Amino acid sequence: MASDATVWGWDVAAKALDVVDDPYEEEHGGDITVEQFGRSNMKDKFKSRVLSGSGAPAAAMMESVDAAAWVDTGGLRDVSGWIEDAGIRSDFVSGKWGPLTKDGSTYALPWDVGPVAAFYRNDVAEEHGLDMDGIETWDQFIAEGEKLPDDVAMLNLPPNDYDGVWRMMFRQLGGLPFTDSGAVNINSETSLRVARQMKAAHDAGITSSVASWSSEWFSRAGEGSIVSILSGAWLEGTLKAEVGDTSGMWRVMRPPAYESGGNRATNWGGSNLVIADQVSDAKARRAWDYMQFALGTKEQQVTMYEEYGLFPAYKPAYESDAFDQGSEFLGGQAAGRMFAEIAPNIPTYNYTTDTPEITKAINSELGRMISGELSPQEAVDRAAQQVANRTNRDLA
Amino acid sequence: MGSVTRDEAGWRFLGYSFVLLVTLLMIVPIYWIVVASTLPEQAFLSAGTDVRLLPGSNFLANLDALQARESVDFVQSIWNSVFIAVVYTLLSLVLCSMGGFAFAKYEFKFKEPIFYSILATLTLPIQLLVIPLFLLVSQMGLSNSYWAIILPWAANPLGIFLMRQNMKQIPDALLESARIDGATEFQLYYRIALPTMKSSLAALAIVLFLFQWNLFLFPLVVLEQGKYTIPVAINELIGAQRVYYDQIMVAAALSIIPLFLVFLFLQRHFVSGILAGSVKE
């Protein structure tokens, strides 16, 4: 095992790796260097260096959504053997493995998941007499939203990211964008159902359309004229940072089901760590040793959750009472426990190198559906056709 | 004024109006970057409600926030960019003018095929070259050095082309008589050809400087933190969940200044240099 290894990451994730760096070096020796980048810079740089076969760090962060494209470069190390040797596969939430696996080989160790919740402004809901606790289905969600005055939206559907909303809702229903043989499947009954649901929410007049991550988005969330935002567990950290003065006014609830008793678990976002194939075996072993320590031990995953809100994919961490702690920002609600219950039930999903085409097609066609130009059926059909045309894939 | 008819005056008015309009189109975004760099982020991003067109007083605060960033040393990146662009421009001027002189004034085997193959490399997009060039510079032991960015395009095909076109204008008789007077071939290039090329060189300098100044992907892949050029440093400000527009605006506003100075310094040569050699007499 080499004595040192470098790990690349971005934003808070890199900071979280930095935090578990010291305890690792104390317990296992070795010298780990964590380098922090901007997200798009890191992706471009890492991919170029992986493709050129030189200059890549031992380990790096990878979003699940990019997994297919990165694995496809042939520059990532197959870590299946090490995962089996350590016997840790079943310790991670099962929904994570699909995108990381190709032809029976696994190319990454899961890090965090983004169990989805509706983050909502409890103060505004109470002011208008909404019964948020009683909501189970989308119909009920819309009915409560209709009690709000015109200038207050129950839900924001971001026009720059219809795809994010669609994917989250599609996955909740167990939808898969590609069939096993790789055919495009985004015009399935399931996808149509999601499109109809988004359209129904819009037509009921309970939605706003503000671009996500824009400052208007934050300011409307701060003033309470957008009551709820569907997002991954990590949104709490972002809201804390951006609209900290609304602390205590927020709560979370599971995303609405399609029918009573339906699944209410899905995912938005999440990362993994990969090892570059070009580094020596000795360095790769050191990187793996660090990864296993950082991502596959209860203590370190709880630390990352507490310090940076990264929600573990590593299930044993959920035993910690850190997840039962009430969050001050969420008015004392123990959201961690709710997310820990959601995570193991997240349906699996698949990504391919053509996932970006799906993003583009869904965004534009659902946009035209929302504006009334297309029916839901036309929108999903056109999106599927567009992806099939551009990628030479078959339609399912 | 007597010779200017009403018609001509009308056309002239239209012409100037058009030029003014285009100028405004060019200037407004730059003006807005400068204004935005002096405002708090909320003030210039709040969607359309009240558009601020006058500078505010938040410039230093934005600058402080920019300098407080951990993964970006912006002051260092200005120095990196200036050093790389200046050295590159000077080196490239020498190589391009020598190459252009050779192609314009000497006869040698395979001259035309060589020239056109150099010209053909203009059609290769940078994205295609990044990985091979990265391998090349790392095998030369140059990765993460300024030279890794300066050398690959030092013999710039566009520059060689421009210099060749311009140097064709130099009368052969002039070079011939200098030869008879005992000038060496290098003296022909340095004493006779170069002095007549001042405006072309100035124009080329602007083009080369701009090219290097705006290079993004290659420096990103080749350089490590601390050696980043300005475009790479600015891109560091785009995070996963947050884009720091206020800091980006300050960085962008500051990054215009060196370009502005270069252009100001060389501008009177610019137009005449670009036009030189474009007409065959």
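This report describes two sheets of chain A, the helices of chain B, and the place where the two chains touch. The model is predicted.

**Two sheets in chain A**

One open sheet of chain A has five strands, in the order β2-β1-β3-β12-β6, and its pairing is mixed. At its edges lie β2 (31-37) and β6 (109-110) of chain A, each of which pairs on one side only. Inside this sheet, β1 (residues 4-10) and β3 (residues 59-63) of chain A run parallel and are joined by two bridges. A:W8 has A:A60 opposite it in β3(A).

Two helices of chain A lie across this sheet. Helix α3 (residues 39-52) of chain A crosses β1, β2, β3 and β12 (271-275) of chain A, and its direction is at about 135 degrees to β1(A). Helix α13 (residues 281-295) of chain A lies across β1, β2, β3, β6 and β12 of chain A, at about 160 degrees to β12(A).

Another open sheet of chain A also has five strands with mixed pairing, and here the order is β9-β8-β10-β7-β11. Its edge strands are β9 (207-208) and β11 (250-253) of chain A, and each of them pairs on one side only. Helix α11 (residues 215-223) of chain A packs on this sheet and touches β7 (116-121), β8, β9, β10 and β11 of chain A. The direction of α11 makes about 120 degrees with that of β10(A).

Strand β8 of chain A takes part in two of the pairings. With β10 (residues 226-232) of chain A, strand β8 (residues 153-156) of chain A runs parallel, over two bridges. Strands β8(A) and β9(A) are likewise parallel and joined by two bridges. The table lists residues of β8(A) with the residue that faces or bridges each one.

| Residue in β8(A) (153-156) | Partner residue | Partner strand |
|---|---|---|
| A:A153 | A:I226 | β10(A) |
| A:L155 | A:S228 | β10(A) |
| A:N156 | A:S208 | β9(A) |

**A loop residue in chain A**

A:N185 sits in the loop between α9 (162-172) and α10 (189-203) of chain A. Leaving out residues up to four places away in sequence, A:N185 touches A:F170, A:L176, A:P177, A:F178, A:T179 and A:A396. From A:N185 to A:H202 there are 17 residues in sequence and 24 Å in space, taken from C-alpha to C-alpha.

**Chain B**

Chain B consists of 14 helices and zero strands, as far as these two kinds of element are counted. Its pattern along the sequence is therefore a run of α elements, since helices and strands are what the numbering of elements covers. The C-alpha trace of chain B spans about 70 × 70 × 30 Å along its principal axes.

**Where the chains touch**

How many residues of chain B are in contact with chain A? The number is 27 in chain B, and they meet 25 residues of chain A. Between them the two chains bury about 2,100 Å², with 45% of this area on carbon and sulfur atoms. On the side of chain B, the residues that lose the most area to chain A are B:I131, B:A240 and B:Q241, which together account for 26% of what that side buries.

Which side chains meet in a salt bridge between the chains? They are those of B:E224 and A:R49, with 2.9 Å from N to O. The count of salt bridges between chain B and chain A is one. There are also twelve residue pairs in polar contact between the two chains, counting pairs with both residues at pLDDT 80 or more.

Several helices of chain B contribute to the side that touches chain A: α2 (41-45), α6 (126-139), α12 (217-222) and α13 (230-235) of chain B each supply at least two residues. By type, the residues on that side of chain B are 15 nonpolar, eight polar and four charged.

How values were computed. Residues numbered from 1 in each chain as written. Chains lettered and ligands numbered in written order. Heavy atoms only, no water. Contact = heavy atoms within 4.5 Å. Buried area = accessible area lost by both parts, 1.4 Å probe. Salt bridge = Lys/Arg side-chain N within 4 Å of Asp/Glu carboxyl O. Polar contact = N/O pair within 3.5 Å; in protein donor to acceptor, adjacent residues only side chain to side chain. Helix = DSSP H or I, 4+ residues; strand = E, 2+ residues; numbered from the N terminus. Nonpolar A, V, L, I, M, F, W, Y, C, P; charged D, E, K, R; others polar. Pairing = 2+ DSSP bridges. Axes fitted to C-alpha atoms, helices over the stretch in contact; angles between N-to-C directions.
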